[in-house]
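Please open the model in the viewer and keep the selection panel at hand. The tour proceeds stop by stop, with a selection to make at each one.

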Amino acid sequence: MPRLEEDTIRILVSTDNHVGYGERDPVRKNDSWLTFDEILQIAKQQDVDMVLLGGDLFHDNRPSRKAMYQVMRSLRKHCLGMKPCELEFLSDSAEVFEGAFPYVNYEDPDINIAIPVFSIHGNHDDPSGDGHYCSLDLLHAAGLVNYFGRVPEADNIHVKPVLLQKGRTKMALYGLSNVRDERMHRTFRDNKVRFYRPNQQKNDWFNLLALHQNHYPHTHTGYVAENMLPDFMDLVIWGHEHECLIDPIRNPETGFHVMQPGSSVATSLVPGEAVTKQVAILNITGKKFEVEKIPLKTVRPFVTREIVLSSDRRFNGLEKKPNNRPEVTKRLMAIVDEMIEEANAEWRAVHAEDIDNGDEDMEPPLPLIRLKVEYSAPEGANYEIENPQRFSNRFTGKVANRNDVVHFYRKTKKKSPAAAPGMSMSESIAESISESVETLKVDDLVQEFFAQQSLKILPQAPFGDAVNQFVSKDDKHAVEMFLMESLSTQVKGLLQLDDEKIVDLDAHIEDFRKVMEENFSSGQHKTSQRKRRFKEKPDGWDSDLDGHWVDQPQALEEVPAEAEPKGRGRPAKKVPTSGVTFSDEDEDMDMDNQPVPIRAAPKRGAAAKTTAAAKKAAPAKKATAAKKAAPAKKAPARGRKKNTPFIDSDEEEEEDYQEDEDEEEEEDEEEDVVMVDDEEDPPAPPPKSKATSRVASTRASARATPPRATPARAAPAKATQTRATRAAAGKKQTTLNFSQSQRAKGSQAQAIEISDDAISDDDDAFESMPASSRSRRR
């Protein structure tokens, strides 16, 4: 098909780069970033218009500094330059990009971008933690990558395209980042995924979709079927699957083509990873496209093979010989040597052009070799095999994976998940691991383990998800936070139950557990939205000896939700007397805000608060008596305010509160009081300056001037001087300020009368105090 360069959009397509994989391996530590650097080098040599990455740029969602450094180094080295980008950006940047810089990087006047890189996130570099950031957010903020295809809500997904144009070719680039496969399958099934199309010339756009999900049905709902995707797509770039199927395959049902580039580095020793690693140059002209395949040269050669000893001619007759281990080992070693030669020959074939150009001294890297041996023997015979670790170590210096060259297994009949009679649970799980070690998944192992348990308190599905996050995502706090959330939620729910209607506590706990299971299965359990924070590092913590504090399980805590104000104008929350109910508000509520058994309170207890020193309210009669004995303090408060041009927040609040109380005295003769324990005089303050002493003396005189109700109870001059000095130092007892509007609204609410039963029989707790020393009007 003839094409014009000015109308052709050239895109380099790559997925699953997994930079940082095996970086602690002494042999393979540089494999991932060397190949990623080669990919960007190819993009620069091929003069492409853009690079499209299909997820899993990093192997970990918290990549190491080395991995981040190598990626940023390659992006800056190959993608920045003075070459102008010929792509015209037609979308609304705020709709397709989020974060601190919601616009495409090559339109930033402060950065010279020659080759823009567009990327979605995968399941390895997905967002997590406070703020829901991922490694691509850092690269996007640095202006090196255009991070698109975010999924803010996994149960309600809106996919809006990035609209690009070059000449007469228009392309709508859709991105759908990774969501847990079961959840994504359910969201598609419930028609909660909505794709937006350009509202003008819909048929003139080339629609390209990049997504990162399971392509094949590993479980019934653990994948996304091709027929779930909209049929107006022209080409789908499918990430997450590591087998390289670079040639587009047309789906006859939907009509679009599917391309699976595969990974650029082998992360597991399976046959799908042994296929030649390649990237694709996608040429789009109008509604047509072409694909150019380019093999990657920096990929470590990988050869895998599987043999069955009972049917292999090279092992005929050995099963009947006694002590046949040396002979079996010798013949297996010969097969491994053949595989090493095969891997070296493949590498030389890929680098034949470089070798012909004079690089004859190029030596092939140590290959990856994987030999699977099924050593089941007929009845009455036996194959004696060597320890796989010892066998693999025989090839140290010849292979890159010196610890897992060979895998021995026997052909066994399939057994039910339940453990056999007489077999312990650990033995059953160990046997299942040995039978399917190649395809073992954490989810399956956890489900198999819990299937043999009877959990009474903790919900099974969220527990398994927390364990999976701990193992797969290296989230050291996942299990701890799950336990805190689950147990606190159940305790809150139990506290809301009526004591008289609790017949069977175990039944209520089981109901709570079932509700939590249902909430998790319906997608209401969202751990990522919890607000967490790190505790302060303890004194004497040595990071070199004890490890980093942020990596410790006890370092993370959940931030309690702020207590909502409770006034007369707010209706009381109803507590269910039967059944189990949950809501986001209940889950985020702090333990201190939970409903407690109703206790007696003063008639106007909603408008008065006691201090920390007196936590119980006084009876109504004693409160009235203390109120009449307390003198007014408006004059001293206003006098203090005139002595200084600055206003202290506590003094201002105190004055406002006193003015409110003066107005309330005209409406109601009853007055709440604050109980203050003054049995012990505070220690004398340190000497003050003359100016301070003069001010304190003036305030003390002002306080001593008003007449007392009972002259015999007048405070001594020394006690008055001490209290005045404390007031000048700013040590005041704080109270809550309720304005007239709040009292007006609260007047409609029904007041709670104090009952005799609610008052303690302890006379000392409510002993009346002299008005001059134990009661002060605030």
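Two strands pair if DSSP finds at least two bridges between them. Helices (H or I, at least four residues) and strands (E, at least two) are DSSP runs, numbered from the N terminus. The model is predicted, so that local features need pLDDT of at least 70 and side-chain atom pairs count only at pLDDT 80 or more, while totals for chains, interfaces and linings use all residues. Residues are numbered from 1 along each chain as its sequence is written, and side-chain values use heavy atoms, with hydrogens and water left out.

**The whole chain**

Begin with the entire protein chain, which has 22 helices and 22 strands. Of its 778 residues, 42% are buried; buried means under 20% relative accessible area, exposed over 50%, and partly exposed in between (1.4 Å probe, protein chains only).

**Strands S7, S8 and S10**

Select strand S7 (162-166) together with strand S8 (169-176). These two strands pair in the antiparallel sense over five bridges. One bridge to display is that of Lys-166, whose partner in S8 is Thr-169. The hairpin has two residues between its strands, and Gly-167 there takes a positive phi near 65°.

Next, add strand S10 (residues 205-212), which runs parallel to S8 and is joined to S8 by seven bridges. Within S10, Trp-205 stands opposite Lys-170.

How many of the eight residues of S8 are buried? Eight of the eight are buried, so S8 is largely enclosed by the rest of the structure. Display the side chains to see the two faces: Thr-169, Met-171, Leu-173 and Gly-175 lie on one side, and Lys-170, Ala-172, Tyr-174 and Leu-176 on the other.

**Helix H5**

Now select helix H5 (residues 181-189), in which seven of the nine residues are buried, so the helix is largely enclosed by the rest of the structure. Among the buried residues are Arg-183, His-185 and Phe-188. Their cover includes S6, S8, strand S9 (193-195) and helix H13 (505-521). Just after H5, select Asn-191, which takes a positive phi of about 55°.

**Lys-160 and its surroundings**

Lys-160 is found in the loop between S6 and S7. Is Lys-160 buried, partly exposed or exposed? Lys-160 is partly exposed, with a relative accessible area of 33%. Leaving aside neighbours within four places in sequence, Lys-160 is in contact (heavy atoms within 4.5 Å) with Glu-95, Val-96, Tyr-174 and Tyr-196. Lys-160 also lies over the face of Tyr-196, at 5.2 Å from the ring centre. A charge sits over a ring if NZ of Lys or CZ of Arg is within 6 Å of the ring centre and within 35 degrees of the ring normal. For a second example, select Arg-197, which lies over the face of Phe-232 at 4.4 Å from the ring centre.

**Aromatic pairs**

Rings of Phe, Tyr and Trp (its six-membered ring) pair if their centres lie within 6.5 Å; planes under 30 degrees apart count as stacked, over 60 as edge-to-face and the rest as tilted. A search of the whole structure finds eight aromatic pairs. Select Phe-118 and Phe-148: their ring centres are 6.2 Å apart and their planes stand at 80°, so the pair is edge-to-face. Phe-118 lies in strand S4 (residues 117-119) and Phe-148 in the loop between strand S5 (146-147) and strand S6 (157-159), so the pair ties together parts that are 30 residues apart in sequence. Both of these residues are buried. Then select Tyr-375, Phe-391, Phe-395 and Phe-408, which ring pairs link into a cluster.

**The sheet of S16, S17 and S18**

Select S16, S17 and S18, which form an open sheet of three strands in that order, with parallel pairing. Strand S16 (302-308) and strand S18 (406-409) stand at the edges with a single partner strand each, so one side of each is left without a neighbour in the sheet. Strand S17 (residues 368-374) is joined to S18 by four bridges, and the bridge partner of Lys-372 in S18 is His-407.

**Two residues with positive phi**

Finish with Asp-16 and Asn-323. Asp-16 lies in the loop between strand S1 (8-14) and helix H1 (31-45) and has a phi near 50°. Asn-323, in the loop between S16 and H6, also has a phi near 50°. Asp-16 is buried, with a relative accessible area of 0%, whereas Asn-323 is exposed, with a relative accessible area of 62%.
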